[in-house]
Amino acid sequence: MTTTDRERTAGRLLRSSAEHSYDPQVEIDWEAPFAPDLYFVPPHRSSLHGTALWESLTDQQRITLTRHELASVAGLGVWFETILMQLLIRGYYKQDPTAAHAQYALTEIADECRHSVMFGRMIGKLATPVYRPGGINAFLGKWIATTGTGPRMFAAILIAEEILDMYQREAMACEQVQPLVRMVSRIHVVEEARHVRYAREELARQVRAAGAGRLAFDKLVIGRAAYLCGTRLIHPAVYRSIGIDPAEGRRAAAANPHFRDTVRWSGERVVGYLDDLDLIDGPGKPLWRRSGLLPG
Ligand SMILES: [Fe+2]
Ligand SMILES: [Fe+2]
């Protein structure tokens with residue numbers, strides 16, 4: 001892609017941002033109570049759906065589990081967005097402020113600011129714990145937020161954005177899901193379509209510009225990001241909400257063929273794209289295999 005193509009894409013994304021941006025503070029009815037009989041994620045996407053544990057739960061317990069699973073996904077989403085905003089603002093620091101490309105980076109940060117407020121407010125309304133990565137993942141998140149550039153930065157962004165997008169496209173159309181969750185999903189899907197477009201083009205450009213040594217290291221970091229997204233979307237502590245020990249719940253979900261299909265399905269689109277760029281191999285390949293995101 002030439003510099004002109006880059007500016008043309010950024011110009012289009014800026015126009016789309018001007019026409020289709022939402023303020024969740026005013027677009028969403030935050031005061032409306034949750035419906036007692038609706039789920040928080042489509043029930044067939046619950047990590048325990050189809051297991052003996054799931055069969056043993058009452059309808060209300062199943063709804064409670066999806067409430068905590070949604071909070072877990074949203075908690076991971078806020079965490080990713082906080083990293084992404086740091087990456088974008090650091091990239092912007094070195095750029096020409098008159099370039100459409102640089103202005104789009106700022107516009108995307110503005111989108112992510114609103115998203116994180118929206119997810120935070122939703123988690124507050126869910127009245128669940130705030131689930132987010134801890135330990136080594138928290139450390140790695142801080143590390144990539146302060147050092148991420150080039151292919152590893154845009155691939156990690158894309159993995160998180162595209163996986164979340166798969167879930168949200170389905171949730172926004174699902175009549176078994178709470179209206180508030182469907183609205184939050186719809187707003188996010190519309191705005192993330194621009195982010196995915198931007199990250200995909202940037203990633204392809206940066207891969208072409210990177211040397212072999214750089215790409216080998218980046219493939220390892222990208223594999224680690226995929227491993228996190230494939231394995232930690234659902235925080236094991238969510239199972240406490242229905243009286244199941246976190247280790248037992250995590251084991252049941254990991255062995256659940258329905259959930260394994262769900263994880264694979266959520267990765268289909270981004271795996272296809274990263275594979276075309278030859279980013280799913282080398283030192284990151286074992287982590288990809290353990291992520292559950294690869295087909296077969
Ligand atoms: Fe977002
Ligand atoms: Fe985004």
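**Exercise 1. Decide whether E192 is buried or exposed.**

Solution. E192 has a relative accessibility of 2%, so it counts as buried. The cut-offs are under 20% relative accessible area for buried, over 50% for exposed, and partly exposed in between, with a 1.4 Å probe and protein chains only.

Conventions come next. The model is predicted, so local features need pLDDT of at least 70 and side-chain atom pairs pLDDT 80 or more, while totals for chains, interfaces and linings use all residues. Residues are numbered from 1 along each chain as its sequence is written, chains are lettered from A and ligands numbered from 1 in the order written, and side-chain values use heavy atoms, without hydrogens and water.

**Exercise 2. List the donors of the iron ion (ligand 2) and place E161 and E192 in their helices.**

Solution. Step 1: fix the criterion. Donors are N, O and S atoms within 2.8 Å of the metal (3.2 Å for Na, K and Ca); water is not among the atoms, so sites may look incomplete.

Step 2: list them. E112 (OE), E161 (OE), E192 (OE), E192 (OE) and H195 (ND1) coordinate ligand 2 at 1.9 to 2.3 Å. E192 appears twice in that list.

Step 3: locate the pair. E161 sits in helix α7 (residues 150–172) and E192 in helix α8 (residues 179–209), 31 residues apart. Helices (H or I, at least four residues) and strands (E, at least two) are DSSP runs, numbered from the N terminus.

Step 4: check burial. E161 has a relative accessible area of 8%, so it is buried.

Step 5: write the spacing. In sequence, the ligand 2 donors read E-x48-E-x30-E-x2-H.

**Exercise 3. Which residues are the protein donors of the iron ion (ligand 1), and which residue coordinates both iron ions?**

Solution. Step 1: the donors are E81 (OE), E112 (OE), H115 (ND1), H188 (NE2) and E192 (OE), at 2.1 to 2.3 Å.

Step 2: their spacing is E-x30-E-x2-H-x72-H-x3-E.

Step 3: ligand 1 and ligand 2 lie 3.6 Å apart, and E112 coordinates both. E81 in helix α4 and E112 in helix α5 (residues 100–126) are 31 residues apart, a link between distant parts of the chain.

Step 4: E81 and E112 are both buried.

**Exercise 4. Describe the packing of α6 and α9.**

Solution. Step 1: axes are lines fitted to C-alpha atoms, for helices over the stretch in contact, with angles from 0 to 180 degrees between N-to-C directions. Those of helix α6 (residues 135–147) and helix α9 (residues 212–231) come within 12 Å and cross at roughly 135°.

Step 2: the two helices are therefore oblique. Under 35 degrees is roughly parallel, over 145 roughly antiparallel, 65 to 115 roughly perpendicular, and the rest oblique.

Step 3: I136, N137, L140, W143 and I144 of α6 meet F217, V221, R224 and L228 of α9. Contact means heavy atoms within 4.5 Å.

**Exercise 5. How many residues has the largest nonpolar core, and which helix gives the most to it?**

Solution. Step 1: the largest nonpolar core has 90 residues. Helix α4 (residues 59–93) gives the most, with 14 residues. Such a core is a set of buried Ala, Val, Leu, Ile, Met, Phe, Trp, Tyr and Cys residues joined through side-chain atoms within 4.5 Å.

Step 2: L274 is among the residues with the most contacts inside the core. Leaving aside neighbours within four places in sequence, its contacts include I159, L203 and W288.

**Exercise 6. Give the phi of A127 and its setting.**

Solution. Phi is about 55°, positive although A127 is not a glycine. A127 lies in the loop between α5 and α6. Its relative accessibility is 63%, so it counts as exposed.
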